[in-house]
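Reader: I would like a close look at one part of this model. Pick a helix and follow both its covered and its open sides. Where does the packing lie, and what is left outside?

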Amino acid sequence: MGESSKRNYRGETAFPFILQNVHRYFFYLALVFLGFLWYDVVLAYDFGGHFGVGFGTLVMSVNIVMLTLYTFSCHSLRHLAGGKLDCFSCASFGKSRFAVWRGVSFLNDRHMLLAWTSLITVGLTDFYIRLVASGAIHDLRLM
């Protein structure tokens, strides 16, 4: 018996594959949030108009770096860099796209580790900022 001539494949337009498109939209939203968090970290190095470093600044910096690595390890970014390409050397900006795709693929292999690490750093950062904001502890100024 041969294959059915009836073609019902609809790509990513039907459940559960439509969720993949939703995942990509959340990736774009995460990039917006990363921009705000990077801005906050840059502001954290400003101590009354002068460059300074406190323990909280370092905590926030580690947090945003881990969140950025986790976000950039997403397969949605991997798809943007090299999706739908069968031949990198045939595409425009092929060498640079291949380099980005390889870098994202390297991070993508560690996506779960980066997820757990960023989850822990978010929790610790929120806890530290909460303690400082409540006055329970004072931020240690390093520079």
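Author: Helices here are DSSP runs of H or I, at least four residues long, numbered from the N terminus. The model is predicted. Take helix α1.

Start with its length. α1 has 27 residues. Its first and last C-alpha atoms are 40 Å apart, close to the 39 Å expected at 1.5 Å a residue.

Now the covered residues. Asn21, Arg24, Phe27, Leu34, Val41 and Ala44 are buried in α1. That list holds Asn21 and Arg24 as well as Leu34 and Val41. The buried residues of α1 pack against β1, α2 and α3 (75-82).

Follow the contact to α2. This helix covers residues 55-72. Its 18 residues should span 26 Å at 1.5 Å a residue, and its end C-alpha atoms are 26 Å apart, so expectation and model agree. The buried residues of α2 include Gly56, Val59, Met60, Ser61, Ile64, Leu67 and Thr71. They pack against α1 (18-44), β1 (46-47) and α5 (111-134). β1 is thus a partner for the buried residues of α1 and for those of α2.

What joins the two helices? The largest nonpolar core has 6 residues: Leu34, Val41, Ala44, Met60, Ile64 and Leu67. α1 and α2 each supply at least two of them. Ile64 shows the join in detail. Leaving aside neighbours within four places in sequence, Ile64 is in contact with Leu34, Leu37, Trp38 and Val41. Leu34 and Val41 belong to the core along with Ile64.

In soluble globular proteins, nonpolar side chains tend to be buried together. The core follows that tendency. The next group is a surface feature.

Phe15, Ile18, Leu19, Val22, Phe26, Leu29, Val32, Phe33 and Phe36 make a nonpolar surface patch of about 920 Å². Look at Phe36, which is found in helix α1. Phe36 counts as exposed because its relative accessibility is 54%, and the cut-off for exposed is over 50%.

How can one helix serve both groups? An α-helix has 3.6 residues a turn, so residues three or four places apart point the same way. Read the two lists with that in mind. Leu34, Val41 and Ala44 are buried in α1 and sit in the core. Phe36, also in α1, is part of the nonpolar surface patch.

Terms used: Residues are numbered from 1 along each chain as its sequence is written. This is a predicted model: local features need pLDDT of at least 70, side-chain atom pairs count only at pLDDT 80 or more; totals for chains, interfaces and linings use all residues. Side-chain values use heavy atoms; hydrogens and water are left out. The expected span of a helix is 1.5 Å times one less than its number of residues. Buried means under 20% relative accessible area, exposed over 50%, partly exposed in between (1.4 Å probe, protein chains only). Contact means heavy atoms within 4.5 Å. Patches are made of residues with over 30% relative accessible area and no salt bridge: like charges are joined within 9 Å, nonpolar side chains (Val, Leu, Ile, Met, Phe, Trp, Tyr) within 5 Å. Accessible areas come from the Shrake-Rupley method with a 1.4 Å probe; for residues, only the protein chains shown count as cover. A salt bridge is a side-chain nitrogen of Lys or Arg within 4 Å of a carboxyl oxygen of Asp or Glu. A nonpolar core is a set of buried Ala, Val, Leu, Ile, Met, Phe, Trp, Tyr and Cys residues joined through side-chain atoms within 4.5 Å.
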